[in-house]
Amino acid sequence: MDNVFVGSTLSAMSTGLGALLVLFLQGSLTHKWKDMLLAFTAGIMMAAAMLSLIPEAISTGGLIPVAVGLLIGVLVLTTMEKAIPHMDLHHNSKLEIDPKAMLVVAAITLHNIPEGLSVGVSYALDQNTDTGNLIAFAIGLQNAPEGFLVALFLMNQKMNKFKAFIIATATGAIEIVSGLLGYYLTSYVEFLVPYGLAFAAGAMLFIIYKELIPESHGDGYERPSTYSFIIGILFMIALIEII
Ligand SMILES: [Zn+2]
């Protein structure tokens, strides 16, 4: 129990670590830097989905669960995207959050649930916790750029840095809950792990291609953004290789 709690918490808190970076951003970012950071995050998430989540899903479940999970991830995000623009945020909040930012925040929060679940199940399945630690670490690694991304999107909505940091951290904290659920309900949810990992990957790929890449284009910084995307991929590959 101790291990799963510590592992899930550290992994989830890595979201906050990424979000913490926004507190150090001076003033408002220049447009060029914002585009490059979005592209960099897209690269990290791409590598995490392709080299970590999907291979893990294949090794635990094979091709069919991967295909099903991935497509469900895409389907759910499509549905969310259609639903979000109709939400009326103006009445109960002073803050106007545009649908794009809402989609990114909601998608990251949602896909953290299966990520936490797989951390919990991994701890439960392996008594000497090696697998648990490994999965917690891999998930934690891709949580950091996601936390940063959420905070960045919220800051762009004129939300103050501190509030953006808190909300971004909270989107990760949900993994602690789903991690513990996964641990205690392992015998019921074990079969869901490959689907969950593929779902998380599908949601990430959707966000990357649908929001992050287009957001980083169209303002004249396509080339530096492209370099930044590729450096993000390399950075993640290096982290996966080194650790
Ligand atoms: Zn993720």
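A crossing of two helices is called left-handed if the near helix is turned anticlockwise from the far one by less than a right angle, and right-handed if clockwise. This is a predicted model, in which local features need pLDDT of at least 70 and side-chain atom pairs count only at pLDDT 80 or more, while totals for chains, interfaces and linings use all residues. Residues are numbered from 1 along each chain as its sequence is written.

Begin with the whole chain, coloured by secondary structure: the protein has nine helices and zero strands, where helices (H or I, at least four residues) and strands (E, at least two) are DSSP runs numbered from the N terminus. The C-alpha atoms fill a box of roughly 50 × 40 × 35 Å along the principal axes. The radius of gyration, taken over C-alpha atoms, is compared with a globule rule of 2.2 Å times the number of residues to the power 0.38; the protein has 17 Å, which agrees with the value near 18 Å for a compact globule of 243 residues.

Next, select the buried residues, meaning those with 20 or more other C-beta atoms within 10 Å of their own (exposed is 12 or fewer, partly exposed in between, with C-beta atoms placed from the backbone); they make up 49% of the 243 residues. A nonpolar core is a set of buried Ala, Val, Leu, Ile, Met, Phe, Trp, Tyr and Cys residues joined through C-beta atoms within 7 Å, and the largest one here has 71 residues, with Val-104, Val-150, Ala-151 and Ala-201 having the most contacts inside it. Its largest share, 15 residues, comes from α2.

Centre on Ala-151 and, leaving aside neighbours within four places in sequence, display its contacts with Ala-19, Val-22, Ala-164, Phe-165 and Ala-168, a contact being two residues whose C-beta atoms, placed from the backbone, lie within 7 Å.

Now isolate α3 and α4, which pack at an angle of about 145° with their axes 10 Å apart, the axes being lines fitted to C-alpha atoms, for helices over the stretch in contact, and the angles running from 0 to 180 degrees between N-to-C directions. α3 passes α4 in a right-handed crossing, and the contact is made by Leu-77, Met-80 and Glu-81 of α3 with Leu-103, Ala-106 and Ala-107 of α4.

Finally, select Ser-178 in helix α6, which is buried, with 22 other C-beta atoms within 10 Å. Leaving aside neighbours within four places in sequence, Ser-178 is in contact with Ile-113, Gly-116, Leu-117 and Gly-120.
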